[in-house]
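User: Please take a close look at the enclosed and open spaces of this protein, and tell me what surrounds them.

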Amino acid sequence: LTYITDPLMSFHGFNGDESNFHMGFIDRELNDAQFPYRSRAFYAHDRKMFRTKLDLQGALSGEHLRWVSGFEVYNFQIGSVDEARLNEDLDADEQLPVVPGLYDLYKQWGLINPDEANGGWVTYLKAGVSYDSRDNEPNPMSGIWSEAVLVVAPGFLVTGDYGHAKISITHRQYFTIIEDDLSFAYRLVYQQTVAGNAPFYVQPMVVTSFLRSINSEGLGGSRTLRGIRRNRVVGDGFAMGNFELRWKFARFNIGATNVYLGLNGFFDAGMVTDPIEMDLSRVPVADKNLHFNLTEDRIHMAAGAGLRIAINENFIVGLDLGQAFDERDGGRGMYIGLNYLF
């Protein structure tokens, strides 16, 4: 049961490269003459999310194959960035200008419909299968963890005419290179809207068999493409891959507590495979040239390194630093959290 408020929830438009990103719009210090500063909140909107979910799994066949089911209820409250509230405790030179953000422009141009613009209720019914042969859940050195999950939001359980269904297929595999010390792990994800019309505010969500962190959203950010701006790559379908080398380089005890330190190098990549349909007929020509690039999405890539501190093998604190390959995806991201990415 969760309630999360985010007054600056990232919104970069739809379909990855089909929606341009200009760092000059949000970074005053760049002094970009071509794309002058508008507001650091230009690529954001206000979001409040209530979520209640129940995930169930049970043995299906043998030791590793399991069934997956559950339900999730969401209420999203969406609005423009509240500059007045955010500016209350800021000096004059730090305050946000009161200007339309990209979310406001999308509403104005009809790319976000009025009946979805302010959020609503969504209830998902979930079913799937999972195969899990990992030798250690917090940091596997061998094994496979794969799952296929279908979530269905029936029309009568969604605000507006936005009944839909999504399928997500995830494959994770782990290999020992040096026993106990060095491993290679990768994750491949494919997600697709297979029926109906999903409202824009659920499109960033990454479907999983169960939630392992406070949220599961992307592509871009700490849980998907590290170094690429949060929600930079959003579509009706996407593919993603994460590849990591994990090295436990030091082990020691503090009293009765076992500790190891780990380093990991990673490469993340993802792209839109099925774009959200956008009718740009109401977009002025100048804005169309500025905000849109009508080409197929490319592969968005980032790489970086991280540090892990593990206590008794199962409580893991992590720090990752990722760098996007292309400035159209942002620049650098630093992420502090728990556990390995997958």
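**Cavities and pockets**

Analyst: In this predicted model, the residues lining the largest cavity fall into nine nonpolar, seven polar and six charged. That lining is made up of 22 residues, and those nearest the centre of the cavity are Arg172, Arg187, Thr208, Arg212 and Ser216. The elements that contribute two or more residues to the lining of this cavity are β5 (143-153), β6 (164-178) and β7 (182-196). The space held in the largest cavity comes to about 270 Å³, and the structure as a whole has four cavities of 30 Å³ or more.

The second largest cavity holds about 200 Å³ of space and has a lining of 18 residues, with Glu72, Tyr74, Met205, Val206 and Ser216 lying nearest its centre. Ser216 is therefore a residue to examine in both places, because lining residues are those with an atom within 4 Å of a point of the space, and Ser216 is listed among the residues nearest the centre for the largest cavity and also for the second largest cavity. At least two lining residues of the second largest cavity come from each of β2 (44-61), β3 (65-79) and β4 (119-132), and of these β2 gives the most, with three residues. By class, the lining of the second largest cavity consists of nine nonpolar, three polar and six charged residues.

Turning to the open spaces, the largest pocket has a volume of about 500 Å³ and is lined by 24 residues, among which Asp6, Leu8, Ser10, Gly221 and Arg230 lie nearest its centre. Both β1 (2-10) and β2 supply at least two residues of the lining of the largest pocket, although β1 gives the most, with six residues. Strand β2 thus appears in the lining of the largest pocket as well as in that of the second largest cavity. The lining of the largest pocket divides into nine nonpolar, eight polar and seven charged residues.

The second largest pocket encloses about 310 Å³ of space, and of the 17 residues that line this pocket, the closest to its centre are Leu111, Glu116, Asn197, Ile276 and Glu277. Its lining comprises eight nonpolar, five polar and four charged residues.

Notes
Residues numbered from 1 in each chain as written. Predicted model: local features only at pLDDT ≥ 70, side-chain atom pairs only at ≥ 80, totals over all residues. Heavy atoms only, no water. 1 Å grid on protein atoms, 1.4 Å probe; cavity = no way out; pocket = protein on both sides within 12 Å on 5 of 7 lines; lining within 4 Å. Points joined across faces, edges and corners; volume = space filled by probe spheres on them. Helix = DSSP H or I, 4+ residues; strand = E, 2+ residues; numbered from the N terminus. Nonpolar A, V, L, I, M, F, W, Y, C, P; charged D, E, K, R; others polar.
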